[in-house]
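Biologist: I would like to learn how to read a model like this one. Can we go through it feature by feature?

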Amino acid sequence: LYLDQPLAAGAAVPTSPGQAHYLGSVMRRAPGDAVLVFNGRDGEWEARIEAIRKDRCTLLPERQTRPQATVADTRLLVAALKRDAMEWVVEKATELGIGTIQPVFTRRSVADRVNTARLAAIAQEAAEQCERLDLPRIGAPQPLPALLDSWDGVPLLVGAERGDRPPLARIAQGLHAPWAWLVGPEGGFDRLELDDLARRAFVSTAGLGPRILRAETAAVAGLALLQALAGD
Ligand code: SAM
């Protein structure tokens with residue numbers, strides 16, 4: 001369970017009303033039962049339920065079960081996709097351990113707004129389910145040129161579905177985290193965007209095989225591959 005509170009032995013912490021409902025009514029937990037909690041800073045703790053009723057629950061952290069690990073800030077930059085696809089990508093990228101999910105507006109993005117609060121809630125649920133000890137950061141959506149102009153130089157691999165581009169697996173072999181993976185919208189990047197990307201020294205375009213993948217498939221397949229070969 002994610003708690004946005006400091007965790008220390010013997011210092012009681014309240015859950016949110018939603019978490020209290022989940023623990024009491026869905027999981028049928030009672031006072032004295034143990035729950036694992038994390039806050040993204042203090043590692044994982046075993047906590048006892050001190051008191052629980054309907055929408056209120058207090059937990060008492062007892063002992064740390066895992067320390068907080070430091071992980072590199074790997075990043076997924078994904079064009080604003082239709083809502084369902086975007087939510088699926090956030091869930092899967094969180095399970096795969098991504099550090100930052102950055103929605104990007106491109107010239108062919110179909111969505112013109114992104115509900116980042118909803119994405120953050122999905123990321124939190126996915127983090128709890130897969131037992132990672134931090135939450136990915138969901139960046140405020142930005143237009144692609146602005147993002148590239150303020151880029152900090154981390155290697156940025158761009159999924160390109162056509163043309164002469166090396167396989168992502170080959171590029172990933174020479175990389176170490178942190179890295180970033182950029183995937184275009186349903187309609188792909190346009191020529192001007194591809195030209196702009198090609199001019200940037202930190203960018204490499206990369207392929208995931210000869211088939212045209214859905215943006216969400218490309219996002220997750222690229223992450224799995226980069227994580228396996230380049231780390232974190
Ligand atoms: N509408 C485009 C077309 O038919 O040419 C396809 C765009 S594709 C659905 C969306 C995004 O997924 C692309 O911008 C690219 O970033 C990524 N992508 C899809 N297939 C890929 C592949 N085989 N290799 C690398 N990236 C791919």
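Modeller: We start with the whole chain, then take helices, backbone angles, single residues and the ligand shell. Keep in mind that this is a predicted model.

Biologist: How many helices and strands does the protein have?

Modeller: Seven helices and 11 strands. The C-alpha trace spans about 60 × 35 × 30 Å along its principal axes.

Biologist: What share of the 232 residues counts as buried?

Modeller: The figure is 33%. Look at contact order too. Among contacts between residues at least 6 apart in sequence, 76% join residues at least 24 apart.

Biologist: Which residues does the UniProt domain annotation cover?

Modeller: The unreviewed UniProt entry places "domain: Ribosomal RNA small subunit methyltransferase E PUA-like" on residues 19–60. In the model, that span is 48% strand and 19% helix. The C-alpha atoms at its two ends lie 15 Å apart.

Biologist: Now a helix. What span is expected for α2, and what does the model give?

Modeller: Compare the end-to-end distance with the rise of 1.5 Å a residue. Helix α2 runs over residues 83–95, 13 in number. Its first and last C-alpha atoms are 19 Å apart, close to the 18 Å expected.

Biologist: Which residues of α2 are buried?

Modeller: A85, M86, V89, V90, A93 and T94. They cover an arc of only 160° around the axis, which puts them on the same side of α2.

Biologist: What covers the buried residues of α2?

Modeller: The cover includes two strands, β5 (75–79) and β6 (100–105). It also includes the helices α3 (116–130) and α7 (215–230). After α2 comes G97, with a positive phi near 90°.

Biologist: Let me try α3. Where do its buried residues fall around the axis?

Modeller: Check the length before the faces. The 15 residues of α3 should span 21 Å, and the end C-alpha atoms are 21 Å apart, which agrees. L119, A123 and A127 are buried in α3. Seen down the axis, these fall within an arc of 75°, so they line one face of the helix.

Biologist: What do the buried residues of α3 pack against, and which exposed residues sit on the face turned away?

Modeller: The packing partners are α2 and β7. The face turned away carries A117 and Q129, both exposed.

Biologist: Next, backbone angles. What should I expect as background?

Modeller: Most peptide bonds are trans, and most residues other than glycine have a negative phi. Then look for departures.

Biologist: Which peptide bond is cis?

Modeller: The bond from A177 to P178, with omega near 5°. P178 sits in the loop between α5 (168–173) and β10 (180–183).

Biologist: What is the phi of E131, and is this residue buried or exposed?

Modeller: E131 is not a glycine, yet its phi is positive, about 65°. The residue comes just after α3, in the loop that leads to β7 (137–138). E131 counts as exposed because it has 10 C-beta neighbours inside 10 Å, and the limit for exposed is 12 or fewer.

Biologist: What about D232?

Modeller: D232 also has a positive phi, near 55°, without being a glycine. D232 belongs to the segment after α7. With 18 other C-beta atoms within 10 Å, D232 is partly exposed.

Biologist: Now single residues. Which residues does W179 touch beyond its sequence neighbours?

Modeller: Leave out residues up to four places away, and W179 touches T74, V154, P155, L157, L226 and A230. W179 lies in the loop between α5 and β10. W179 counts as buried because it has 23 C-beta neighbours inside 10 Å, where 20 or more suffice.

Biologist: And where does A80 lie?

Modeller: In the loop between β5 and α2. A80 has 19 C-beta neighbours inside 10 Å, so it counts as partly exposed. Residues touching A80, with the four places on either side left out, include P103, V104, F105, P141 and P185. The C-alpha atoms of A80 and P6 are separated by 34 Å.

Biologist: Last, the ligand. Which residues come nearest?

Modeller: G159, E161, G184, G188 and A218, out of 19 around the ligand. Sort the shell by type and you get eight nonpolar, six polar and five charged residues.

Technical notes
Residues numbered from 1 in each chain as written. Predicted model: local features only at pLDDT ≥ 70, side-chain atom pairs only at ≥ 80, totals over all residues. UniProt positions renumbered as here; feature names shortened; annotations may be inferred. Helix = DSSP H or I, 4+ residues; strand = E, 2+ residues; numbered from the N terminus. Near = placed C-beta within 6 Å. Nonpolar A, V, L, I, M, F, W, Y, C, P; charged D, E, K, R; others polar. Expected span 1.5 Å × (residues − 1). Arc of directions from axis to C-beta. Contact = placed C-beta atoms within 7 Å.
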